[in-house]
Amino acid sequence: MSGKSICTSFEWRGRPDCINCAVRQSVLFADLDEELLSVLLSSVSNCLYDTGATLCRQGDPAISLFSLRKGVVKIEVSDRNGDASILRLLGPGAVIGLETTLDSVEPYHCTATALSRLDACRIPMQVFQRLMSDHPEHYKVIVRLWKKHLEAADETLLQFRSGELKERLLNILNTLSRFAGERGTFLLPSGRDLGALTGGTPSSISRIMADFKRGGILHQRDGNTYFLQQEE
């Protein structure tokens, strides 16, 4: 795992600004007041991960949850032969490792890899367990998060793996654009990842992506950063 602490005030040395967090109301600690946050989150670190970084790996002991503030993550599972399948894409507001909270000895069920630079809070499992022990009413927030993950899985099946390949790719680009928020720009996944998400062949994907660029649908801003031309 590679990540360096970031914050807007250097005195925090990796502590997140939880009260003013832009996605606080949609993540794990929604509805908690300032006093309770300060008690529970003394061990939480706000970290920046580079593109390609692995936050957690399938089968490893689940020691932390990861609450995404910015960026995109792909969630993969590998079969016995080592072949990986992408289950879903997750963006701001998602919590990685949530499935491991049902049992204190659960390993990570999936591998989470950054598809862009990530701003994420690393939450020790003990913090989550204390929250659930002392404040069981907070389970309503957990249910909301589970719903978000199920919707992301449904999106993968319905929008990324059905219909014409052009439509599937455009759905992925729209999802990435939505995750980008006000910034509007995003990194393109590799051809391999796009193939894993859509089932398309590399040559077909390359041809359609080139058509998107020529047609003014997909614009390159700098390097591998792009934005979608929104329809009027």
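## Exercises on contacts, bridges and a cavity

Setting aside neighbours within four places in sequence, Arg 221 touches Arg 183, Thr 185, Tyr 226 and Phe 227, where a contact is a pair of heavy atoms within 4.5 Å. This is a predicted model, so local features need pLDDT of at least 70 and side-chain atom pairs pLDDT 80 or more, while totals for chains, interfaces and linings use all residues. Numbering runs from 1 along each chain as its sequence is written, and side-chain values use heavy atoms, with hydrogens and water left out.

**Exercise 1. Place Arg 221 in the fold and say how exposed it is.**

Step 1: Find the element. Arg 221 sits in strand S11 (residues 218-222); strands are DSSP runs of E with at least two residues, helices are runs of H or I with at least four, and both are numbered from the N terminus.

Step 2: Check the surface. Arg 221 has a relative accessible area of 48%, which makes it partly exposed. The cut-offs are under 20% for buried and over 50% for exposed, with partly exposed in between (1.4 Å probe, protein chains only).

Step 3: Look across the sequence. Phe 186 is 35 residues from Arg 221 along the chain, yet their C-alpha atoms are 9.5 Å apart.

**Exercise 2. Set the scene for the whole chain: which elements, how much burial, and what share of long-range contacts?**

Step 1: Count the elements. The protein chain has 6 helices and 12 strands.

Step 2: Take the burial. Of its 232 residues, 47% are buried.

Step 3: Sort the contacts. Among those between residues at least 6 apart in sequence, 73% join residues at least 24 apart.

Step 4: Try a single residue. Thr 113 belongs to strand S8 and is buried at 11% relative accessibility. Beyond four places in sequence, its contacts are Gly 52, Ala 53, Thr 54, Val 72, Val 73, Lys 74 and Glu 76.

**Exercise 3. Work out how many disulfides there are, and why Cys 56 is not in one.**

Step 1: Search for pairs. A disulfide needs two cysteine sulfur atoms within 2.5 Å, and the whole structure gives 0 of them.

Step 2: Look at Cys 56. Its closest cysteine sulfur belongs to Cys 110 and lies 7.6 Å away, so the gap is too far for a bond.

Step 3: Add the burial. Cys 56 is buried at 6% relative accessibility, and Cys 121 is buried at 10%.

**Exercise 4. Take three salt bridges and say where their partners lie.**

Step 1: Start from the total. There are 7 salt bridges, each one a side-chain nitrogen of Lys or Arg within 4 Å of a carboxyl oxygen of Asp or Glu.

Step 2: Go for Arg 117 and Asp 50, which meet at 3.7 Å, N to O. This pair ties together distant parts of the chain: Arg 117 is in the loop between strands S8 (111-114) and S9 (118-124), Asp 50 is in the loop between strands S2 (45-49) and S3 (54-56), and 67 residues separate them. Arg 117 is partly exposed at 48%, and Asp 50 is partly exposed at 47%.

Step 3: Turn to Glu 151 and Lys 147, bridged at 2.5 Å, N to O. They are 4 residues apart in helix H3 (residues 139-160), so about one helical turn lies between them. An α-helix has 3.6 residues a turn, so residues three or four places apart point the same way.

Step 4: Finish with Asp 211 and Arg 214, at 2.3 Å, N to O. Both are in helix H6 (residues 202-214), 3 residues apart. Asp 211 is partly exposed at 37%, whereas Arg 214 is exposed at 63%.

**Exercise 5. Describe the second largest cavity: its volume and its lining.**

Step 1: Fix the term. A cavity is a set of points, on a 1 Å grid over the protein atoms alone, where a 1.4 Å probe fits but cannot get out; lining residues have an atom within 4 Å of a point. Points are joined across faces, edges and corners, and the volume is the space filled by probe spheres set on them.

Step 2: Get the numbers. There are 2 cavities of 30 Å³ or more, and the second largest has about 60 Å³.

Step 3: Name the walls. Its lining includes Cys 56, Cys 110, Arg 88, Glu 99 and His 149. Strands S6 (84-90) and S7 (95-96) each supply at least two lining residues.

Notes:
1 Å grid on protein atoms, 1.4 Å probe; cavity = no way out; pocket = protein on both sides within 12 Å on 5 of 7 lines; lining within 4 Å.
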